Amino acid sequence: MVGATITGTARRGKYLWLILDGDDALLAHLGMSGQMLITSPDAAVGAHERARFTFTDGGHDLRFDDQRTFGHLMYDEGGAVLPSPIAHIARDPFDPLFDQPGVVAVIKSKRTGIKRVLLDQTVVSGIGNIYADEALWAAKVHGETPAASLSRSRISAVIEAARDVMTAALAQGGTSFDSHYVDVAGSSGYFARSLNAYGRAGRPCRRCGTPIVREKLMNGSSYSCPLCQRKR
DNA sequence: CCTGAGCCCTGGGGGC
DNA sequence: TGCCCCCAGGGCTCAG
């Protein structure tokens, strides 16, 4: 990295990368607790600071902090356009080249539940556990519904719902439950208060009043309304 | 090929 | 207070 110039930034799904001198890339994934922070050069070393980049133009430092160390940084030669380690990651719903009919067809060909497919980053990237639950709630589909049993229009509606909920979340700076989830300036987002399903076990569905139910899936928690999102 | 379980880590919170 | 278990917005590897 010494002597490199950052000439741009890019992202795909949950991966992001800094473009270096137009050809190479510094690829990053925040995992579950990673943070990219722009801080003062005098800022003390953070408790979970893993890397710090200083600049010769007298500006701020760039830090990578990560408590749980599921996040990572990787230098990738020639990876400016698309780093080779993430060539298998599908385009996300905000990508101008996102092929929605193609993605719908792939989802329909899967022999597993719709939520698992939404979380499969090789099918569609960028959707995580929270936004998958929110999209399924909005589309009134239960996450364990076999993907192949849903109509193309229903699958399309789920994707639209995911794009809508992520758009709304981005407008509010994201979903922050605690100090792990902050932007480069260290600020938290406000979308947590707008969640309709995730984390609301026992509380009334905002649509029909039925208590939201929490279930286990893939070593994690899934939240849904048992009335609006009936299992079929 | 496709699918799903296991596992990589640290730390906060609740129950006992 | 201390201890233990559970939980956490992810994704790779590998067995079946």
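## A tour of chain A and its DNA

Select residues 196–230 to begin: UniProt, in an unreviewed entry, annotates this span as "domain: FPG-type". UniProt positions follow the numbering used here, feature names are shortened, and annotations may be inferred rather than shown by experiment. Within residues 196–230, the chain is 0% helix and 29% strand. The end C-alpha atoms of that span are 16 Å apart.

This is a predicted model, in which local features need pLDDT of at least 70 and side-chain atom pairs count only at pLDDT 80 or more, while totals for chains, interfaces and linings use all residues. Residues are numbered from 1 along each chain as its sequence is written, chains are lettered from A and ligands numbered from 1 in the order in which they are written, and side-chain values use heavy atoms, with hydrogens and water left out.

**The other annotated span.** Select residues 1–71. The unreviewed UniProt entry lists them as "domain: Formamidopyrimidine-DNA glycosylase catalytic". The span is 0% helix and 51% strand. Its end C-alpha atoms lie 19 Å apart.

**Whole chain.** Colour chain A by secondary structure. There are four helices and nine strands. These are DSSP runs, numbered from the N terminus (helices H or I, at least four residues; strands E, at least two). From the N terminus on, the order is β-β-β-β-β-β-β-α-α-α-α-β-β. Along the principal axes, the C-alpha atoms fill a box of roughly 60 × 35 × 30 Å. The radius of gyration of chain A is 19 Å, which agrees with the value near 17 Å for a compact globule of 232 residues. That radius is taken over C-alpha atoms, and the globule rule is 2.2 Å times the number of residues to the power 0.38.

**DNA strand C.** Show the residues near this strand (a heavy atom within 4 Å of it). 20 residues surround strand C, and Lys14, His29, Thr175, Tyr181 and Tyr198 are the closest. They divide into seven nonpolar, nine polar and four charged. Here Ala, Val, Leu, Ile, Met, Phe, Trp, Tyr, Cys and Pro count as nonpolar, Asp, Glu, Lys and Arg as charged, and the others, Gly among them, as polar.

Now look for polar contacts (N or O pairs within 3.5 Å; within protein, one atom must be able to donate a hydrogen and the other to accept it, and residues adjacent in sequence count only if both atoms are side-chain atoms). An N or O atom in the Lys14 side chain is 2.6 Å from a phosphate oxygen of strand C. Arg68 has a polar side-chain atom 3.5 Å from a base nitrogen of strand C. At Phe177, a backbone N or O atom lies 3.3 Å from a base oxygen of strand C. H3 and S8 are the elements that give two or more residues to this surface.

**DNA strand B.** Switch to the residues around strand B: His48, Gln67, Arg68, Phe70, Lys110, Arg111, Thr112, Arg116 and Asn219. Of the strand B atoms within 4 Å of the protein, 55% belong to sugar and phosphate. The Gln67 side chain places an N or O atom 3.2 Å from a base oxygen of strand B. A polar backbone atom of Arg111 is 2.7 Å from a phosphate oxygen of strand B. Arg116 has a polar side-chain atom 3.3 Å from a phosphate oxygen of strand B. The surface near strand B has one nonpolar, four polar and four charged residues.
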